[in-house]
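Colleague: I have some questions about this structure. Can you take them in turn and keep the answers short?

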Amino acid sequence: MPAYETLKHQLAEISNDTARLLDDAEEITERVDEGIAHWRSTCRTISEQISQETMRVAVVGAIKSGKSTFVNTLFGGDYLKRGAGVVTSIVTRVRIGSGLRAILYLKSWDEVNREIDQASVLLPSNSQSGETQPFDIRREKDRQVLSAALDDLAADQLISNDTRSAGSVLLECCLNGYERVRELVEADQRTVIFENGRFPEHRDFVGDDAMAVYLKDIQLEIDRSGLGQGVEIADCQGSDSPNPLHLAMIQDYLMMAHLTLYVISSRTGLRQADIRFLSMIRKMGIMDTVAFIVNCDFSEHESLEDLIEGVRKIEADLSVLCPEPKLFTFSALFHLMAQMEADLSPRDRDRYAHWCREAEMVAFADRERSRFEKFLEQKISREKSHLLLKNHLERLEIVAGGIGNWIAFNRDLLARDVNGARELADHAHRQQGRLDRLKQTVKNAIDGALLHAKRDLKSAIDGFFKEHDGGVVEGVVQFVRGYRVEMERYSENLKAAGFAKTLYMVFQEFKQAVDAHMAETVNPMVINFIRSREKILAEYLDEIAEPYGAMIDEALKPVTAAVNDEKNDQRRPRSTIRVGPELETIRKTAGLSLPPAAATMRYSAQIKTEAVMRFGFYKLVNLVKKALKKTGDKAHGEQFLALASGIKRMKRETERSILFHMKDYRENIKYQYMLKLADAAASALYGQVQDRFRHHGADLSRLVDLMGEERLDKEKVSASLAKMGEASSVLQEKISNLRNDLEQLNG
């Protein structure tokens, strides 16, 4: 059975052959034909899309599970930064290229400043700089104010639930990385490229939060074979990262991925963080795309039996979330060392030699690695060939069938005398009127279905985001209202740091909890909801269009019957009219994408520091000052009364901001994505209908007039059409063979 790359090349060849036939057809008519021009545009679009088709593979897992090392093994070299700790700070996309190339997409200064504004809500001193203009990190005075505000916070005020506060981390990273990126970042988004010898410099950005905070996206190109063209591997942040924004970045990529490889360390097994992340994947509705890699460390296992026992436990734990998980066990580091043996350091060479002596484990890992490589190759081939089949081959079939019918009509036309030719042209013209009426009927049906689908979409989206009766927004509001602050924890902070700093610390912990709730609960629900509505939309439109396929076939019979060509009936496309399999292409062609997952966390941009402070802040500060002058239980009680009042205002303002923001988020999803997708899908569906009519809509009067004026060399044109007919038959045979090969590959 031919490999995927061979099939892809064959499809591109068929597209080019079809385009050449169209060029020949237009030469014969000596005029621009609308139908032929459309077909040529289709062939050109298909050729472009074939070259751009990408299968995306996400590599995820907990921190230090070996994700970056695993990705390096796929490309046979040490290209991605690896090591202990939280190394990967952004999703790193890797593809095969003609050389070593790192493409860094940097944020604009406005984007950086907006993120700083969101992270500095309630930061003490930040609103007391005397500046009325928005914060701008490029201004030295603004950097000094921000640095002083952070320095003024005690170490324990930067810790939230035993981890660094995400807000304070972002602010510190922006300040620490500023001098290193100031010459690279610009007013607009900018692309920076490190090639060949400078390629390793990309690691400074990916592995360092102070640099990664300025990155919007990164793509690596590596000049190594193996996975083939059109495959993208994404090395994602640790699924147990304490920063909810990292989780949102992973969610954005998982939405696009065709395959997800989840890496689990054999040393730690399946941890609570893994279970939480996999539960999120299940809520997103994409568990069927996941395969698992148990990355084993030979040094951590006494024997092969010990390793296998650990793998069995992992498999049993996974089965709770994913029935019959696809699981492979091998050592990413060992296999990477095997690929780089000549370049290993003396220390790594010794470690590799020691592991090689573990003969049983090495043999087991080699078998598992081979099994995984076979699985990955088949998965990539099947997914990519499926993309080709559903997005391109059927459209080429329509075009090739159309040009075949066009050739048959014109050959029959030239075989007649002038009167017979005019009779055939008149017959085609009369039939065309009937076809136009049917085409309008189908269009009216699709338009009516679109209006109904859009009404349903609006109602479903409004219901999903409603603020009461179980809507997703109500869940967030209840989380905010139910959030409990352990007041006693802040007793010492109130005395040592004061009210404002303590309130900031409380807000940071609170915001971290809300953001985590958004990332772990709200985003998966939103993603699953949108995926389900996309599916319902496509199924509904396909259901409406399905009966018209047979109706169009029947309507075309009187037209094709006018041409005495027994092969003509075979040329008419009979594929079902549907958009479901093409939804991804439709979305891409229309330039549509969901709002990023992190958009749900931008509610803090609506929280105004002044709004919290204005309603009694200074009164509260004075209350605290008076309380501090007192002693005993009364002073203690008044301090906590002030803090409790501040927290109450903080939560109320946050709730108001979330309601405002989620309403805006809802309208964005509704009008900027789902309704536009409905329009694009309906348009694509009607385009398929037009394609089936188009090859019967050609105006034959031009050739008839040329025949009547005796300005047409019938023998020459007939010979050209005969040659084109032969080429068309070969083309049809190629398409049929390719369809069979693709179906076999999809198995």
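Below, a colleague asks and the modeller answers.

Colleague: What kind of model is this, and how many helices and strands does the protein have?
Modeller: This is a predicted model. Of its 747 residues, 54% count as buried. The secondary structure comes to 25 helices and eleven strands.

Colleague: Among contacts between residues at least 6 apart in sequence, what percentage join residues at least 24 apart?
Modeller: The count takes contacts in the protein between residues at least 6 apart. The share that joins residues at least 24 apart is 84%.

Colleague: How is the crossing angle of α5 and α6 classed?
Modeller: Helix α5 spans residues 140-151 and helix α6 spans residues 166-181. Their axes come within 11 Å and cross at roughly 135 degrees. Angles over 145 count as roughly antiparallel, and 65 to 115 as roughly perpendicular. The angle falls in neither range, so α5 is classed relative to α6 as oblique.

Colleague: Which residues of α6 meet α5, and how does the contact divide by class?
Modeller: From α5 come Arg143, Leu146, Ser147 and Leu150. They meet Ser168, Leu171, Glu172, Leu175, Tyr178 and Glu179 in α6. By class, the contact of α5 with α6 has five nonpolar, two polar and three charged residues.

Colleague: How does α4 pack on α6, and what is the hand of the crossing?
Modeller: Helix α4 covers residues 109-119. Its axis and that of α6 are 9 Å apart, at an angle of about 145 degrees. The crossing of α4 and α6 is left-handed.

Colleague: How many residues of each class make the contact of α4 with α6?
Modeller: On the α4 side are Trp109, Val112, Glu115, Ile116 and Ala119. On the α6 side are Gly167, Leu170, Leu171, Cys174 and Tyr178. The class split is eight nonpolar, one polar and one charged.

Colleague: How many residues of α3 are buried, and which glycine comes just after the helix?
Modeller: Helix α3, residues 67-75, is mostly covered. Nine of its nine residues are buried, including Lys67, Phe70 and Asn72. Just after α3, a positive phi of about 70 degrees is taken by glycine 76.

Colleague: Is lysine 64 buried, partly exposed or exposed?
Modeller: Lysine 64 sits in the loop between β1 (55-61) and α3. Its phi is positive, about 65 degrees, although it is not a glycine. Buried means under 20% relative accessible area, and exposed means over 50%. At 49% relative accessibility, lysine 64 therefore counts as partly exposed.

Colleague: Where does asparagine 196 lie?
Modeller: Asparagine 196 is a residue other than glycine with a positive phi, near 50 degrees. Its place is the loop between β6 (190-195) and α7 (202-206).

Colleague: How far is isoleucine 103 from histidine 202, C-alpha to C-alpha?
Modeller: Isoleucine 103 lies in strand β3, residues 101-106. It is buried, because its relative accessible area is 7% and the cut-off is under 20%. Leaving aside neighbours within four places in sequence, its contacts include Thr191, Ile193 and Asp217. Isoleucine 103 and histidine 202 are 99 residues apart in sequence, and their C-alpha distance is 8.4 Å.

Colleague: What span does α10 reach from its first C-alpha to its last?
Modeller: Helix α10, residues 272-284, has 13 residues. Its buried residues include Ala273, Phe277 and Met284. At 1.5 Å a residue, 18 Å is expected. The span in the model is close to that, at 19 Å.

Key. Residues are numbered from 1 along each chain as its sequence is written. This is a predicted model: local features need pLDDT of at least 70, side-chain atom pairs count only at pLDDT 80 or more; totals for chains, interfaces and linings use all residues. Side-chain values use heavy atoms; hydrogens and water are left out. Axes are lines fitted to C-alpha atoms, for helices over the stretch in contact, and angles run from 0 to 180 degrees between N-to-C directions. Helices (H or I, at least four residues) and strands (E, at least two) are DSSP runs, numbered from the N terminus. Angles under 35 degrees count as roughly parallel, over 145 as roughly antiparallel, 65 to 115 as roughly perpendicular and the rest as oblique. Contact means heavy atoms within 4.5 Å. Ala, Val, Leu, Ile, Met, Phe, Trp, Tyr, Cys and Pro count as nonpolar, Asp, Glu, Lys and Arg as charged, and the others, Gly among them, as polar. The expected span of a helix is 1.5 Å times one less than its number of residues. Buried means under 20% relative accessible area, exposed over 50%, partly exposed in between (1.4 Å probe, protein chains only). A crossing is left-handed if the near helix is turned anticlockwise from the far one by less than a right angle, and right-handed if clockwise.
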